[in-house]
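Please look over the sequence and the model below, and keep both at hand while reading the explanation that accompanies them.

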Amino acid sequence: SSDLGGEEAGKVEMTTMASSGDEQRRVDSANDLHALATSTESIQTRLWNVMKDPSIATRFFLFLMAGASMTITDVYLFLWLQECGGTPSIMGAALFCTCVTEVIIFYHGAYIKRALTLDWCLILTPFCYFLRQFYYWLLPSLGNAWWVLPVQFLHGITFGLYWSTANDFIQDIAPTGLTASMTGLFSAVNAAGGFSGAVLGGIVYDAFGGGRLFLGIGLINLFLGTFFTTLKLRFDRHGERNTVAY
């Protein structure tokens, strides 16, 4: 009977916590709406005041390049695999590997972000894209298209961890009442990167081939990763702090 009593007490506590959480969300939403309604600045001005911060603008440039890299990989990898002798079975297995790691990273994302901080999670994105794309360039020399599978596991970082971290970052920097607007801006930047990657990637693929396309975008990502790492270490060494609280 004591066990049943404890179970019932637990259920009541969980119900109370859920109700409290719902109430807090309603209060937060009301506060956001109030802040939005009483603000004397336009939405565009408030968003611009956030975006003009160099530390935030550079991260949005990283989002742009991540969108381009994502689209180039999604659109042109299978064409390149076909040139390297890949079969539909290889392509399906490659896609399976990306999906598996994506789910795992999303599941453990909170722990990873606490351990590494949002900055280092974002910095991992261009470095892992470089590893993937440089590997794709080397694929013909490996002699078998099945060798593409190991590198596909990095998709968990280049998409799963990146997407989760970027959305946390957007939540942090969004002005009160403008979270949806800031999320829309983030989506627009990713879409612009994806559009640029699809168009320019196709031009480069036709002109120079898939291998050089992946080598080129990979070297750009290597430069970006090195650049952001240098900035991060410099800021940490001098004790500088961004306006965003991580």
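The paragraphs that follow take up one helix, its packing against a second helix, and then a single residue.

The model is a predicted one, and a convenient place to begin is helix α3, which runs over residues 54–83 and so comprises 30 residues. From its first C-alpha to its last, α3 reaches 42 Å, which is close to the 44 Å expected at 1.5 Å a residue. The helix nevertheless contains a kink of about 40°, centred on Tyr76, and it is followed by Gly85, a residue whose phi is positive, near 90°.

Two packed helices are described by the angle between their axes and the distance between the axes. For α3 and helix α5, which covers residues 109–142, that angle is about 25° and the axes lie 11 Å apart. Because angles under 35 degrees count as roughly parallel, α3 and α5 are described as roughly parallel to each other, and their crossing is left-handed. On the α3 side the residues that meet α5 include Arg59, Phe63, Met70 and Trp80, while the α5 residues taking part include Asp119, Tyr129, Arg132 and Tyr136.

Arg132 of α5 leads on to another part of the chain, since Arg132 is also in contact with His155, a residue found in helix α7, which spans residues 155–173. His155 has a relative accessible area of 11%, and because buried means under 20%, His155 is classed as buried. Leaving aside neighbours within four places in sequence, the contacts of His155 are Thr98, Thr101, Glu102 and Gly160 together with Arg132.

Definitions and conventions:
Residues numbered from 1 in each chain as written. Predicted model: local features only at pLDDT ≥ 70, side-chain atom pairs only at ≥ 80, totals over all residues. Heavy atoms only, no water. Helix = DSSP H or I, 4+ residues; strand = E, 2+ residues; numbered from the N terminus. Buried < 20%, exposed > 50% of the residue type's maximum accessible area, 1.4 Å probe, protein only. Contact = heavy atoms within 4.5 Å. Expected span 1.5 Å × (residues − 1). Bend = angle between axes of the 7 residues up to and from the residue. Axes fitted to C-alpha atoms, helices over the stretch in contact; angles between N-to-C directions. Parallel < 35°, antiparallel > 145°, perpendicular 65-115°, else oblique. Left-handed = near helix turned anticlockwise from the far one by under 90°.
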